[in-house]
Structure formats: C-alpha cells, structure tokens
Amino acid sequence: CSIVKEGVCMSRPADAAPQAPYTTKSICLSAVLAAVVFIMTFVPRIPIPLGYAHLGDAVIFLSFLYFNRREAALAAAIGSCLSDFLGGFPLWIAPTFVIKYVMVFIVFAICCRGTRKSALYSVRTLIAFLLSSLWMAIAYTLAGAVLFGSIQAGLASLPGLLMEGLLNTIAAMGAGIFLKQLPTTRQGSIR
C-alpha cells in the first residue's frame with residue numbers, strides 16, 4: 001500500500017480516477033442494498049423460459065438515488081447472484097454478475113453527470129431505466145443462447161425479459177413516490 005490515510009489503504013494506479021475508500025458505513029450500506037436486491041429478486045419469482053422474472057431490478061434502478069456507482073454495482077451483482085445460487089440457477093451466476101454490474105453503470109452513466117444526479121421523474125431517468133432493461137434482456141438472451149447452445153433457447157426468454165424490464169421500470173418509478181418521503185442529506189444521499 002503506497003498511501004495510508006486514517007488506517008485505510010488509498011493505493012491506486014497512477015492513471016485511475018480517485019475514489020473514496022471503502023468505509024465501514026459504505027460496506028454496511030452496500031450489504032443492506034445487496035440484501036434488498038436479493039429479497040426482491042428471490043421472493044416475487046415469476047417463471048419465464050430459462051429462468052424467472054422478479055422486481056429486483058427496480059431496486060437496482062433506484063440505487064443511483066442513494067449510493068455511489070461502485071457500491072450500487074457490487075450490491076446489485078452480489079444480491080442478484082445470491083438469488084440465482086439459492087434459487088437453483090447456479091449456471092446463471094457468472095452472466096448475472098456481469099449483466100447486473102453493467103445495468104448499474106448504464107443507469108449511472110445516463111443519470112449522473114459529475115456531482116449532479118437526474119431527478120427520479122425525468123426523461124433522462126426513464127431512458128436510463130429502459131436502456132438498462134434493454135441491455136439486461138439482450139444480454140440474458142445471448143447468455144441463454146451460449147449456455148444452452150441454441151439461439152432459439154435464448155430467444156425464448158426475450159419476451160419475458162422485456163416485460164420484466166418494463167415492469168421493473170414502472171415499479172421503480174412507482175416506488176419513487178415513497179422514497180421521496182425519506183430524509184436525505186443535501187446531496188440526495190441517505191448517508
């Protein structure tokens with residue numbers, strides 16, 4: 001470790017953008033987010049070809065409001081993978097990790113410009129959620145084609161995945177009504 005500040009290793013490659021170190025608080029908040037993603041993915045399971053639909057993506061979409069990108073991406077990937085593992089779909093763990101991680105990056109890339117975040121009820125946020133859903137549907141379709149050796153097998157899940165993405169977008173926007181009631185700091189974070 002090249003730089004130690006308050007007992008935390010701050011080392012990073014010279015060309016990397018500076019990031020805040022993980023703190024106990026950020027790790028705990030990420031764990032809570034991962035648990036919520038897991039519950040919303042594992043409990044309301046709706047069978048579709050090659051897997052199941054759920055409401056976990058609504059939580060993933062809303063993570064941009066309260067978390068930074070790194071915490072949200074890891075929590076989304078870990079919570080979703082845990083659901084695949086415990087739900088009897090271990091074959092999907094690796095694709096799920098990548099797909100959910102990228103979903104968060106899509107939402108953050110569109111909704112967060114510098115230190116400003118888009119409002120929940122904005123065209124930019126709606127586009128972010130829909131593009132993230134489209135990525136998820138296409139990526140799971142391709143993963144299904146690879147895992148099952150047939151593009152037809154992958155395509156069988158596409159309509160259900162598209163509907164799941166739309167449902168999660170609607171659920172995220174609907175949940176925003178309740179989230180607006182939460183106390184926040186000036187930056188819009190629960191920290």
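Helices here are DSSP runs of H or I with at least four residues, and strands are runs of E with at least two, numbered from the N terminus. Counted that way, the protein has six helices and six strands. Please keep in mind as you look around that this is a predicted model.

## The overall picture

Following the sequence from its start, you will meet the elements in the order β-β-α-β-β-α-α-α-β-β-α-α. The protein has 191 residues, and 42% of them are buried. Among contacts with a separation of 6 or more, 69% join residues that are 24 or more positions apart. The exposed surface of the protein comes to about 10400 Å², with carbon and sulfur atoms supplying 72% of that area.

## Three helices side by side in a table

Here are the lengths of three helices, set against what is expected at 1.5 Å a residue.

| Helix | Number of residues | Expected span | Span between end C-alpha atoms |
|---|---|---|---|
| α1 | 19 residues | 27 Å | 27 Å |
| α4 | 19 residues | 27 Å | 27 Å |
| α5 | 26 residues | 38 Å | 37 Å |

For α4 the span agrees with the expected value, and the span of α5 agrees with its own expected value too. Just after α5 comes Gly 149, which takes a positive phi of about 65°.

Helix α1 covers residues 24–42. Its buried residues are Ser 26, Leu 29, Ser 30, Leu 33, Ala 34, Val 37, Phe 38 and Thr 41. Among the elements that cover them are strand β4 (51–53), helix α2 (56–66) and helix α3 (69–86).

In helix α4, the list of buried residues includes Pro 95, Thr 96, Ile 99, Lys 100, Met 103 and Val 104, and also Phe 108, Ile 110 and Cys 111. The cover over the buried residues of α4 includes α2, α3, β5 (112–113), β6 (116–117) and α5.

## Charged residues in the interior

The count of salt bridges in this model comes to one. Its partners are Lys 100 and Asp 57, whose side chains meet at 2.6 Å, N to O. This pair links distant parts of the chain, with Lys 100 in helix α4 (residues 93–111) and Asp 57 in helix α2, 43 residues apart. Lys 100 has a relative accessible area of 1% and so is buried. Asp 57 is buried as well, with a relative accessible area of 0%. In general, side chains of opposite charge can pair when their charged atoms come close.

Now turn to Glu 164, which sits in helix α6 (residues 151–179). Which side chain of opposite charge is nearest to Glu 164, and how far away is it? The nearest is Lys 100, at 4.6 Å. A salt bridge needs a side-chain nitrogen of Lys or Arg within 4 Å of a carboxyl oxygen of Asp or Glu. Glu 164 is therefore buried yet has no salt bridge. Setting aside neighbours within four places in sequence, Glu 164 is in contact with Tyr 52, Ala 53, His 54, Asp 57 and Met 136. Asp 57, the salt-bridge partner of Lys 100, is thus one of the residues that Glu 164 contacts.

## Two buried residues to look up

Cys 111 lies in helix α4, and its relative accessibility of 1% is why Cys 111 counts as buried. The C-alpha atoms of Cys 111 and Thr 125 are 5.8 Å apart, although 14 residues separate the two along the chain. Beyond the neighbours within four places in sequence, the contacts of Cys 111 are Phe 64, Arg 116, Lys 117, Ser 118, Arg 124, Thr 125 and Ala 128.

Ser 157 belongs to helix α6 and counts as buried because its relative accessibility is 4%. Between the C-alpha atoms of Ser 157 and Ala 145, twelve residues apart along the chain, the separation is 9.9 Å.

## A nonpolar patch on the surface

Where does the surface carry a nonpolar patch? The patch is formed by Val 123, Ile 127, Leu 131, Leu 134, Ile 138, Leu 142, Ile 151, Leu 155 and Leu 162, which together have about 780 Å² of accessible area. Helices α5 (123–148) and α6 each supply at least two residues, and α5 gives the most, with six. Val 123, one of the patch residues, lies in α5 and counts as exposed because its relative accessibility is 61%.

Note on methods:
Residues are numbered from 1 along each chain as its sequence is written. This is a predicted model: local features need pLDDT of at least 70, side-chain atom pairs count only at pLDDT 80 or more; totals for chains, interfaces and linings use all residues. Side-chain values use heavy atoms; hydrogens and water are left out. Buried means under 20% relative accessible area, exposed over 50%, partly exposed in between (1.4 Å probe, protein chains only). Lys and Arg count as positive and Asp and Glu as negative; His and the chain ends are not counted. Contact means heavy atoms within 4.5 Å. The expected span of a helix is 1.5 Å times one less than its number of residues. Patches are made of residues with over 30% relative accessible area and no salt bridge: like charges are joined within 9 Å, nonpolar side chains (Val, Leu, Ile, Met, Phe, Trp, Tyr) within 5 Å. Accessible areas come from the Shrake-Rupley method with a 1.4 Å probe; for residues, only the protein chains shown count as cover.
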